[in-house]
Amino acid sequence: MSAAAAAAPATAAAPEAPKKKSKKLLFIIAGVLVLALLGAGGALFILKKNTADEHGDDEAAAEQSHKPKTPPTFLPLENMVVNLADAGGNRFVQLGLTLQLQDSATETAVKVYLPSIRSQILVLISQRTAEEMLQVQGKEKLSTDIIAAVSREMGYASAKAGAKAAMPNPVQAVLFSSFIVQ
């Protein structure tokens, strides 16, 4: 029995040794994982900082050059129905326009000239054919012609004249809110 009694304490001591080793192994693995995470986080931080430095200057300069000083103002015009210059004279266009202006001060200035501006627009449209009005290039040309007509009416130098000291154009864009050709 003494052999059996001697074997019992030996087996009890054997499970304690692996527990100590497993705790040490657990702490070692946890330490390695923490160091690896810290290293990966540090590398990511440095790489992002370098990438931001390379692209940050270009983006900041581009943002400042594209930021408008004031938001544009939109001036909707009444819908217009105009006969087109087609043979036979039985084609017409119903057109809704909105002028995109620099600011509200420009809007008040345009409103003063609105009857003559509307007349100029009607004349421009009546010179077009249905084929021209249905093409994208025709609509773009009409838009640029309307901008030029408004500029002339308000006394601004047109871009076509090539005046370098010309004041900025009051109309930034002509937007079509409705466009029906029959």
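Q: How many aromatic pairs does a search of the whole structure find?
A: The search of this predicted model finds 1 aromatic pair. The partners are F176 and F179.

Q: What makes F176 and F179 a pair?
A: Ring centres must lie within 6.5 Å. Those of F176 and F179 are 5.3 Å apart. The cut-off is met, so the two rings pair.

Q: Why is the pair of F176 and F179 called edge-to-face?
A: The angle decides. Planes over 60 degrees apart count as edge-to-face. Here the angle between the planes is 90 degrees. The label therefore follows.

Q: Is F176 buried, partly exposed or exposed, and why?
A: F176 has a relative accessible area of 29%. Buried means under 20%, and exposed means over 50%. The value lies in between, so F176 is partly exposed.

Q: Which class does F179 fall into, and why?
A: The relative accessible area of F179 is 23%. That value is also between 20% and 50%, so F179 counts as partly exposed.

Q: What sits over the ring of F179?
A: The charged end of K139 does, 4.7 Å from the ring centre. The distance limit is 6 Å, so K139 satisfies that part of the test.

Q: Why does S151 count as buried?
A: S151 has 1% relative accessibility. The limit for buried is under 20%, so S151 qualifies. This residue is found in helix α5, residues 136-154. Leaving aside neighbours within four places in sequence, S151 is in contact with Y156, N169 and P170. Across the protein, 23% of the 182 residues count as buried.

Q: Why is N90 called exposed?
A: N90 has a relative accessible area of 59%. Exposed means over 50%, so the term applies to N90. N90 is found in the loop between β2 (80-83) and β3 (92-101). In sequence, 92 residues separate N90 from Q182, yet their C-alpha atoms are 8.4 Å apart in space.

Q: Which residues form a nonpolar patch on the surface?
A: L25, I29 and L33 form it. Together they have about 290 Å² of accessible area. L25 has its place in helix α1, residues 2-66.

Q: What is the order of the elements in the protein?
A: From the N terminus on, they run α-β-β-β-α-α-α-α-β. The protein has 5 helices and 4 strands.

Q: How much area does the protein expose, and what share do carbon and sulfur atoms supply?
A: The protein exposes about 12,700 Å². Carbon and sulfur atoms supply 62% of it.

Definitions and conventions. Residues numbered from 1 in each chain as written. Predicted model: local features only at pLDDT ≥ 70, side-chain atom pairs only at ≥ 80, totals over all residues. Heavy atoms only, no water. Phe/Tyr/Trp six-rings, centres within 6.5 Å; stacked < 30°, edge-to-face > 60°. Buried < 20%, exposed > 50% of the residue type's maximum accessible area, 1.4 Å probe, protein only. Lys NZ or Arg CZ within 6 Å of the ring centre and 35° of its normal. Helix = DSSP H or I, 4+ residues; strand = E, 2+ residues; numbered from the N terminus. Contact = heavy atoms within 4.5 Å. Patch = residues over 30% accessible without salt bridge, like charges linked within 9 Å, V, L, I, M, F, W, Y side chains within 5 Å. Areas by Shrake-Rupley, 256 points an atom, 1.4 Å probe, with all protein chains shown as cover. Salt bridge = Lys/Arg side-chain N within 4 Å of Asp/Glu carboxyl O.
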